[in-house]
Structures are given as structure tokens and as C-alpha cells.
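Trainee: Before I plan anything at the bench, could we go through this model together, one question at a time?

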Amino acid sequence: MTVGMIASVILIGSMMRSPITTIPLMIGDLARQLGTSTGSLGILTTLPLVMFMLFSNFASTVLKRLGFKRSLMLTLIILLLGSLFRLIVTMPTILLGTILIGTAIAYLNVFMPSFVSAYFPQRIGTYTTLYTFSMMFGSSIFNLITAPIIAISGWWSMLVVLVGIPLAALVVWILTIKWVPEEMKTSVEAPIRKEKGSKIWSNKRAWPFLFTFGCQSVIMYTITAWMPPLMKFHHVNPGMVGIIMALFSLMGLPVSIILPQLLTKLNRVSEIVLILSGGIAGLIAAGMLFVQNTSATWFWMLEILLIGYTVNLLFIFVMTMFAIKTTDPYQTARLSGMAQAGGYFISALGPTLYGIAFSSNPTGMTQNMVYMGLVMLGTIMAIMIVRIEDV
């Protein structure tokens, strides 16, 4: 059972970003095949965020009604179906596949903290590390292999590869499921937990989780969308732009390995110092944007490393705290769903609003001030989470 559980966690983690982050790398090929403009396919990166926003809050209800085992199986089936629909390259099937994939990942985002809380309550740090590292490593690996695979066998073959991982995860989970106990109570205790869980949106202790998740999320998605055009505006070497953005993705790997384990061992003062280190790094990066008129590689590399440290620290912190600051898996799911639904609503607005500001003035003070404010708010909210005993 242990081997199957570990394999499931790794495979599921590797799919929590890569089906979304890989598509932009072949967007030009898709546009040519569909006979449309590249710009019109921007919806393929926006739709998953909309699905996260719409469905995250309902994931705990699915868990309560179906239990962990069937919920995960159903979600993996939806993810596999979405990946298969994208193999049929028409606009309706691509959109439908993206919607299904976004919905499945919205559920997985909520399920995984609860999964760790339910099955590994004494090893929350270890298994949070396992799936968050798999998430970031999987995204990085797919980013690295996409260009070579497209060069060797064509862009459609990359869509086939993206079917293989959810298929493997589903097979492993089917083989493992009969040995796994059902840790989510769905009968006697369900009405009591529903009554408690329904108050999550009015629970003042839950809102710092939402704002922390939202702040890091809007920074991450805005940086991903607009940092390359900003560097291009400053005439940074195009080859270096790709390397710098790869560093942004890779920055999450060491943080995901170290942080969850630390958070299960540190005292409150040490946790606050850790959060402040991320806040200070983010504020330094914000300050650098006020004097950004340079094409120097070192400047933008330092900028992206500081931002990467901040957003990954806040992301891993809040994902770990979902399990640590709750008393049972259902409460973990309710809190995680609420924070991610609200957080992704905030993040969905970020790239669009930044784009408007960028079109008006790429180096404008407004967006720099907003970024500084987001770092400060996220840091303050994270410190408030540290001070909360349980939600």
C-alpha cells in the first residue's frame, strides 16, 4: 500500500501544473492547426484559473459524499478525459478538454492537503514535500522536454505525452485503492461536519489563508504572463529571457523540499522570521522595479530569483498550513477550498489589470506600488496564520 500511495502522490503532484503550463509552449502550432490567431488562444491559460475559482469551494462537498477513494478516482477520470479531448484538435474539443482539466486540477488542489492530513497526520511535512516538489518538478520537466519532443516527432505528440501521466496515475490508484482504508467519514459524522464547515466563509480565522494564497497567486500568474514582455521592452537578450523564466520555475524546487519539513518543527518565532525573509525578498524585488531601466542580465536574474523565493515560500507555507491548522481532513478540505476559490478569483484579475497598466506605461509606478502592497499584505496575512492555533 505504501509504495502505491507514494507513487500516486508523485503522479498526482506532477499533474497539478504541467497540463496547463505546457500548452503555451505549443500555442503557435495549435493556432496554425486551428486556423486562428495566437492571441485568441489566450483563453486556454485563462480557463483553468476560472475553473479553479468556480469549483475549488465545492471540492469538500464531493469528498464528503464520495469519500477519498472514489473522489480521487473520479477526478483522475475527468483529467484523463480532458487530456483525451485535447487530442481531437478542434476549437470545441480543445476548450472542453481544457475545462475538464481545469475542473479536475481545481479538485486536486483541494484534495491533496486533505489527503495528507487524513493518511499521514504524523508526516504532514514529508508528504506535503512529496506532492509540492512533484508539482514543480513535473512542470519544469515538461517545460524542458516539450521543445525536443516537438522537434523530433511534432507538436501533437506532446499532447499524447500529456495523456500518459493521468492514465498512469489512474492505473496506479486503481491498483492501490483496494488496500487503502477510507479515511473520510461520510455517514454518522457528516451532518456535524457540514454544519461546522458551512461557516468557513464567516470564520475570521480562515480569511488570512485566502489573502495569503491570493497574494502569492496573483503575483505568480502576473509575473509568468508579463515578465517576459517587460524584459523584452528593456531589450534583454531573448535567449536569456527563457533562461531567466526557467529560474523562476526552478526556484520552487528547493523551497518545496525544505519548507514543509521545517514548518512542522519550527516554533512560532522561527516561522515568523522565515515569513519575514520572504517578505523582505519581495520588497527588495519591488524596489528594484522602480529603477528597472536596464537590460543587464544580472539585474533581471536577481529580480526573478527574489520574486520566485517570495511566491514559492508563501505558496508552500499556506499549502502546508491547510493541514497543520485544521483538526480533521474535512475541515482541511473546506479551508483549502475556500482559500483557493477566493485566491484564484483575485489571481484571475491580476494579469488582465496589469496588462492594461502595461499598455499605458510598461514601467509605470502604479503596478510597482500594487506589487509592493501585495507582498506586504501577503506577508502580514502569513504572520497572522502563524499566530492561529487552529481554524
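Mentor: Let us begin with a term: contact here means that heavy atoms lie within 4.5 Å. Please also keep in mind that this is a predicted model.

Trainee: Then which residues does isoleucine 99 touch, not counting residues up to four places away in sequence?

Mentor: Isoleucine 99 belongs to helix α6, a helix that spans residues 91–119. Once residues up to four places away in sequence are set aside, the residues that isoleucine 99 touches are Leu47 and Met51.

Trainee: Is isoleucine 99 buried, exposed or partly exposed?

Mentor: Buried requires under 20% relative accessible area and exposed requires over 50%, with partly exposed in between. Because the relative accessible area of isoleucine 99 is 31%, this residue counts as partly exposed.

Trainee: What separates the C-alpha atoms of isoleucine 99 and leucine 250?

Mentor: Along the chain, these two residues are 151 residues apart. In space, the separation between the C-alpha atoms of isoleucine 99 and leucine 250 is 27 Å.

Trainee: Which helix gives the most to the largest nonpolar core?

Mentor: That core has 90 residues, and those with the most contacts inside it are Phe115, Phe209 and Phe317. Leaving out residues up to four places away in sequence, phenylalanine 115 touches Met5, Val9, Phe68, Leu72, Phe120 and Trp173. With 14 residues, the helix that gives the most to this core is α6.

Trainee: How many residues does the second, separate core have?

Mentor: Val218, Phe248, Phe358 and Val375 are included in this second core, which is separate. Its number of residues is 27.

Trainee: At what angle do the axes of α10 and α16 cross?

Mentor: Helix α10 covers residues 207–233 and helix α16 covers residues 365–387, and their axes come within 8 Å. The crossing is left-handed, and among the residues that make the contact are Phe209 and Val218 of α10 together with Val375 of α16. The residues of this contact divide into 14 nonpolar, two polar and no charged. The axes cross at roughly 145°.

Trainee: Why does threonine 132 count as buried?

Mentor: Threonine 132 sits in helix α7, residues 124–153, and beyond its neighbours within four places in sequence it is in contact with Ser256, Pro260 and Ile316. A polar atom of its side chain lies 3.4 Å from the backbone oxygen of threonine 129. Since buried means under 20% relative accessible area, threonine 132 counts as buried because its relative accessibility is 0%.

Technical notes:
Residues are numbered from 1 along each chain as its sequence is written. This is a predicted model: local features need pLDDT of at least 70, side-chain atom pairs count only at pLDDT 80 or more; totals for chains, interfaces and linings use all residues. Side-chain values use heavy atoms; hydrogens and water are left out. Axes are lines fitted to C-alpha atoms, for helices over the stretch in contact, and angles run from 0 to 180 degrees between N-to-C directions. Helices (H or I, at least four residues) and strands (E, at least two) are DSSP runs, numbered from the N terminus. A crossing is left-handed if the near helix is turned anticlockwise from the far one by less than a right angle, and right-handed if clockwise. Ala, Val, Leu, Ile, Met, Phe, Trp, Tyr, Cys and Pro count as nonpolar, Asp, Glu, Lys and Arg as charged, and the others, Gly among them, as polar. Buried means under 20% relative accessible area, exposed over 50%, partly exposed in between (1.4 Å probe, protein chains only). A polar contact is a pair of N or O atoms within 3.5 Å; within protein, one must be able to donate a hydrogen and the other to accept it, and residues adjacent in sequence count only if both atoms are side-chain atoms. A nonpolar core is a set of buried Ala, Val, Leu, Ile, Met, Phe, Trp, Tyr and Cys residues joined through side-chain atoms within 4.5 Å.
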